[in-house]
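Colleague: Could you take me closely through one part of this model, the salt bridges, and set them beside the strands that make up the sheets? I would like a careful, connected account.

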Amino acid sequence: MATFVDRVVLHAHGGDGGNGCASVHREKFKPLGGPDGGNGGNGGSVILRVDAQTTTLLDYHHRPLRRATSGTQGMGDHRAGATGGDLVLGVPDGTVVTTTDGELLADLVGTGAEFVVAEGGRGGLGNAALASQRRKAPGFALLGEPGDERDVVLELKTIADVALVGYPSAGKSSLVAAISAARPKIADYPFTTLVPNLGVVQAGEGRFTVADVPGLIPGASQGKGLGLEFLRHIERCAVIVHVLDCATLEPGRDPVSDLDVIESELAAYAGDLDEEAGVAGGRVPLMERPRVVVLNKIDVPEARELADFVRSELEDRGLPVFEVSTASHEGLRPLTFALAEIVDKARAEAPAPEPARIVLRPKAVDEAGFTVTRRQDADGVYFEVLGAKPERWVRQTDFNNDEAVGYLADRLARLGVEEKLFATGAVAGDEVRIGSGKGAVVFDWEPTLLTGSELLGGPRGTDLRLDDRLRPSRKEKRAEYHDRMDAKAAARDELWTERSSGHWSDPADEARASSADDAEDDRA
C-alpha cells in the first residue's frame, strides 16, 4: 500500500444551488396576499488551503472525489434556503495545482495560501424576488445552478532547504538518519529509497530541513530510473548537496565522474524547468544555487584514500568539500554547521514576498456577453448561442412551467439574442442550441413580436415596421376624431333622408315576410 503520494488527480464538485420557491401568502380574509416564495441557498465551494499539519497527498489518492454541500430550497413566507458550507481541503506546503492538460492554476506556498477549485452554484430566485409592476404574482421560481465540476492535478514539490542528490546507494538516506531524527529505510541494494525523506537538522541556533531525493542515474532527466519522478522535489531547495560514494565497487565509477553525471542531469532538468512558465516563481535558477560536495564512507580505508586523492580537484572547481562517515559520524558536525550558514545566507538574500496584485478587467460597455455562431454537423445546420448569461438562464429555467419558459424567452429577447439570430441568418423553425456539449438546450426557434422579423413579408424595399402607429401624435388623434364624427353625421343624414322619402323598413319584418313566402310556396 502506498504511504507517500506526491501526485494525484482530484475530482472536485461544487455544491448545487437550491431552487427558489413559488408560494402565495394566505391568511384569514386575505386568500391572495401576494407572492412570498424565498430564494434558494447558494452551494458551497471546494477550496484548497495549505495546512502545516498535512505532509502528503495520500488522502486524496484513496478518495479523489470531493463534493461540497449543496444549498437548500427556499420556502414560503419569504424564508430563504440555507447556504451550503465550503469544503476546505488541506494540502501540503508546496503543492502545485494544474489542469489535466498541464496548465498552471496555482502554486500554493506558505501556510494559509488557498485556491478555489470548484465554485458552488447560485441559488434560484423565489417568486417574491421575481415580482414586478408588470408581473404582480409570478407562478414560477428559478432553479438553482449546479456547482462547477473540475478535474485538477495536485503535484507536491517538497519544501526543503537542502536537497541530497547522488547515485543509488551513495548513502543519502544514511546521512539524513545520521544528522536528523528521521528514520528512512536503509538497505544494501540500489533504489532502496522510493519516496523523498524529510529530516529537520539542528545546528547550534540554526535549523533547516533536508530532503533525501531517490537515487539518480544517467538519463534520469529523460525518465530513466526514479529520478524524473522525484526531481521536482529539489526545485524549491536553497542548497544542493552532492553525496558521492567513495567506496563503490562498480567499474568505471569514481567521485568526479559521478559528480559530472549528476550535474549534467540537473542541467537537463533545469532546462525543461525554465520552459514552464510560472513554476520558478522568481527563485534562483537551479544551476546557480550553492552546491556542496560530501565524500561519504571514509570509514573504509580505500574510500578515505580516494577522498584525499579527489579532494583537491573538486576544490579547484570552487566547491566546498566535506569528508564524512555516516557509520562513525566523522565529519558530520562541520557539515551541518556549514549547511546552516549557507541556508541562513540564502534566506537573508531571498526577496521578500510581494502581495498579489489585483488586476481589474472591466467588460466593454457595448459587450453583449454572448455569441451566436452558425454551425453544421451530421444532423444539419444549427445556431449555437454561447454566453454566461444565456447559459445560466437556461440552467435556471423550469421547462415544465409555461410561464417560466415565457420568462426565459423575454429575457433572451431583451438581451438581444433573437436579433442576433436574425442577423446571423436564422429563420423560424431553425434549430438553436444554447450552450455546448451534452448540457446544451436544443429547441426550434420561433421569433417573438419583439424582434419584428415576422413583419418583413411586404414588397421588396419596404418595411412595415416603419408604418407602425403605436403612439399617434395629437394632431393625428384630432383628425381621426373629426373624421369619425363626420362619418356618424353622414350616416344619420342618410337614415333621415330614407325615412322622409318613405323607404323605411325593419330587417326583422323583412325576415318574417320572407319566411311566410317560403311556407306558401311549400304548400303550393
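Modeller: In this predicted model, the side chains of Asp245 and Lys297 meet in a salt bridge, with 3.2 Å from N to O. Asp245 belongs to strand 12 (residues 239-245), while Lys297 sits in the loop between strand 13 (291-296) and helix 6 (301-316), so the contact ties together parts that lie 52 residues apart in sequence. The two partners are placed in unlike surroundings: Asp245, at 6% relative accessibility, counts as buried because the cut-off for that class is under 20%, whereas Lys297, at 24%, counts as partly exposed.

Helix 6 also borders the loop that holds one partner of another pair, since Arg317 lies between helix 6 and strand 14 (321-323) and reaches Asp260 in helix 5 (residues 255-275), 57 residues away. The closest N and O atoms of Asp260 and Arg317 are 2.8 Å apart. Here Asp260 is partly exposed, at 36% relative accessibility, and Arg317 is likewise partly exposed, at 41%.

A further salt bridge joins Asp161 to Arg347, with 2.7 Å between the closest N and O atoms. Asp161 is in the loop between strand 8 (149-156) and strand 9 (162-165), and Arg347 is in helix 7 (residues 332-349), so this pair connects parts that are 186 residues apart in sequence. Asp161 is buried, with a relative accessible area of 17%, but Arg347 is partly exposed, with 42%. These pairs are among the 16 salt bridges found in a search of the whole structure, and elsewhere Asp59, Arg63 and Arg66 are linked in a network of such contacts.

Strand 8, which borders the loop of Asp161, also has a place in an open sheet of 5 strands with mixed pairing, in the order 3-1-8-5-6. Its edges are formed by strand 3 (65-67) and strand 6 (104-108), each of which pairs on one side only, and the twist from one strand to the next averages 25 degrees. Within this sheet, strand 5 (residues 95-99) and strand 6 run antiparallel and are joined by 4 bridges; the bridge partner of Val96 in strand 6 is Asp107.

Another open sheet, again with mixed pairing, has 3 strands in the order 4-2-7. Strand 4 (87-91) and strand 7 (114-118) stand at its edges with a single partner strand each, so one side of each is left without a neighbour in the sheet. Strand 2 (residues 46-50) runs parallel to strand 4, and 5 bridges join them, with Val91 in strand 4 as the bridge partner of Val50.

How values were computed:
Residues numbered from 1 in each chain as written. Predicted model: local features only at pLDDT ≥ 70, side-chain atom pairs only at ≥ 80, totals over all residues. Heavy atoms only, no water. Pairing = 2+ DSSP bridges. Helix = DSSP H or I, 4+ residues; strand = E, 2+ residues; numbered from the N terminus. Axes fitted to C-alpha atoms, helices over the stretch in contact; angles between N-to-C directions. Salt bridge = Lys/Arg side-chain N within 4 Å of Asp/Glu carboxyl O. Buried < 20%, exposed > 50% of the residue type's maximum accessible area, 1.4 Å probe, protein only.
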